[in-house]
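Let's take a walk through this protein together, one feature at a time. Keep the 3D view open and turn it as you read.

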Amino acid sequence: MLMERAGRLMILGMMMVPNGCAALPDGSPLALDVPVSGTGRDAVHSLDLDDGDYVEGVLDSGTDAAELRLIDQEGRPIRLLLNGTAGREVFRFVAAPGMAALRLTLRGTGGYRLALTRRIAVADQHPAPRRHLSPTIAALAETVKRGGGTDAFWRDVARRGTPLVEPVTDAPGSDRFTMTFLARGAHRNVRLLGGPTSNHETLERLGGSDVWFKSFVVPASTRLSYQIAPDVPDLPGTCRECRMAILAQLQADPLNHRPWPADAPDRYNQVSLVELPNAPSQPGLESGWAEPAGRLVAERFASRILGNTRDVAVYAPPGVDPAGEDTILLLLFDGPDYLDRHAPVPTMLDRLTGDGRLSSVVAVFIANPTAEARNRELPANPAFAAMLADELLPWLGERMGIRSRPDRTVLAGSSYGGLAAVYAALARPDRFANALSLSGSFWWHPPDAPPDRSEHMAGLVASRDRLPVRFFLSAGLFESGSDGEIGILESSRHLRDVLEAKGYEVTYRDYAAGHDRFAWRGALGDGLIALFGRRGDGSAIRSGTRG
């Protein structure tokens, strides 16, 4: 007997198969949380569902392979749910007109157990209520939902400053905070660069209000700089072109109370700073920026090996002898980036040598001829390593009277510069016995690298004998990869592990930071102290810790 109701899917009694013959007698009807079982090779169990119901179920066929199909009222197949599986398997479907029963076919004579474990009607199919990470945003969302305004909220934000920082309250004693970035009054979108991820994050609009926001849970040691980009044009171009549109609109957050530098010509040439309570000190920068007391000499350096010319600046703190036996020689890539108020390395060296944390240091700030040259020369380039060892060091000796000992010479850099420092030290340990990497781009590999060698630097270390080189590696916790790609954080940790496995002396540090000069300037001081720092008795520190 066949019974039909509008909008219902139900079949009882006998069924017909497509060739017109009577179907197998109907087994027990399936109802939610009422398992049915049986033996034999074939069974049909009717369904009593409404159109649009979301259904989950489970079949346990023991050791027998099984097929499970949805069929219509005449026994014709509609959908294959399980195909030759054995044991316990879960299936899912959405009920639609014509779905009348489940037909089970066993490839054996054992038993089975079949059950519907979940059924969600259309009326109940809606997402769970939104839970905002920020209590302040959660309260504002309720206000906006009731038709309230946002003026009081913005007055409070102007007083407190952005981003909003609130303790995580669901874990008493936690050292984590909710950090919420805000923007007011954008029309189309707001993007964030420099937040606690490696992506160009998109802020969300709160209902139809003038509030745009994005919240993250971060450690209490977080230190970062960021910019926002309101109303970025949506360009019909490549991903790179879209990124360029974001960069064109980036600017300091007008509600942040720490614009940096304060005397920037405009907000587009300014960033906004955040330092949470447990952010580590930055050696040599504890008292902020100051005019360097030493002498900075700028020169032009021509390389026959690379066929180009670049700016090179040399700095020595007061009283430092460039030819001193114990003088440390620091060669720093992307040199101009470390000579302004964003990363005032000369100020840092003045203080670290002045208070005895470091012995004498001479710093050489090496510029790139062009942005294109940087991308070509810094990533694991033997010609660049040869230029440093065979041209630049002799030139520094002739022009500046700088003497260099391998064990007192350190290559340092950030991003591609960190990769270059590690590679060049391993390529020429006869001249460079120390490498200091700040967020090194160790994800990099040559275009023709095989799929199993996506981390070129780690592969080189693993395949070669140990050399007399020491390392300081650092990375930001917010530099993790996305979309299945390995990031700076993961590749830096992996390189650390490979170096340690080969017996190298390695100091490694994670910072609650991103790809950010605001964090790198402190990590540079940490690295110099880890490699060359002095104890209270004046002896050098030799660190092999992970940090």
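A good place to start is a charge beside a ring: the charged end of Arg-223 sits over the ring of Phe-518, 6.0 Å from its centre. A charge is said to sit over a ring if NZ of Lys or CZ of Arg is within 6 Å of the ring centre and within 35 degrees of the ring normal. Arg-466 offers another example, lying over the face of Tyr-504 at 5.7 Å from the ring centre.

Before going further, a word on what you are looking at. This is a predicted model, in which local features need pLDDT of at least 70 and side-chain atom pairs count only at pLDDT 80 or more, while totals for chains, interfaces and linings use all residues. Residues are numbered from 1 along each chain as its sequence is written, and side-chain values use heavy atoms, with hydrogens and water left out.

Now step back to the whole protein. It has 10 helices and 27 strands; these are DSSP runs numbered from the N terminus, with helices (H or I) of at least four residues and strands (E) of at least two. The radius of gyration is 33 Å, well over the 24 Å that the globule rule gives for 547 residues, so the protein is more spread out than a compact globule. That radius is taken over C-alpha atoms, and the globule rule is 2.2 Å times the number of residues to the power 0.38. Along the principal axes, the C-alpha atoms fill a box of roughly 105 × 60 × 50 Å. Of the 547 residues, 50% are buried, where buried means under 20% relative accessible area, exposed over 50%, and partly exposed in between (1.4 Å probe, protein chains only). Among contacts with a separation of 6 or more, 71% are between residues 24 or more positions apart; a contact means heavy atoms within 4.5 Å.

Next, let's look at how some strands line up. Strands of a sheet pair through backbone hydrogen bonds, either parallel or antiparallel. Here two strands count as paired if DSSP finds at least two bridges between them. One open sheet has four strands in the order E11-E12-E16-E15, with antiparallel pairing. Its edge strands, E11 (164-167) and E15 (204-205), each pair on one side only. Strands E12 and E16 pair in the antiparallel sense over nine bridges, and Thr-180 has Ser-215 in E16 as its bridge partner.

Strand E10 (residues 111-120) is another meeting point. Strand E2 (residues 36-39) pairs with E10 in the antiparallel sense over four bridges, with Val-36 standing opposite Leu-114. Strand E5 (residues 54-60) also pairs with E10 in the antiparallel sense, over seven bridges, and there Tyr-54 has Ile-120 as its bridge partner.

Aromatic rings add further links. A search of the whole structure finds eight aromatic pairs. The rings of Phe-181 and Phe-216 have their centres 5.9 Å apart and their planes at 80°, so this pair is edge-to-face. By the rule used, rings of Phe, Tyr and Trp (its six-membered ring) pair if their centres lie within 6.5 Å; planes under 30 degrees apart count as stacked, over 60 as edge-to-face and the rest as tilted. Phe-181 lies in strand E12 (residues 176-184) and Phe-216 in strand E16 (residues 211-219), so the pair ties together parts that are 35 residues apart in sequence. Phe-181 is buried at 1% relative accessibility, and Phe-216 is buried at 9%. Ring pairs also link Phe-181, Phe-216 and Tyr-226 into a cluster.

Remember Tyr-504, under Arg-466? The rings of Phe-471 and Tyr-504 have centres 5.4 Å apart and planes at 80°, so they too form an edge-to-face pair. Phe-471 belongs to strand E26 (residues 470-476), while Tyr-504 is in the loop between helix H9 (488-501) and strand E27 (505-511), 33 residues apart.

Finally, visit two covered helices. In helix H4 (residues 345-354), eight of the 10 residues are buried, so the helix is largely enclosed by the rest of the structure. Its cover includes strands E21 (308-316), E22 (328-333) and E23 (361-366) and helix H10 (517-532). Helix H8 (residues 456-463) is mostly covered, with six of its eight residues buried, and what covers those buried residues includes helix H7 (416-427) and H9.
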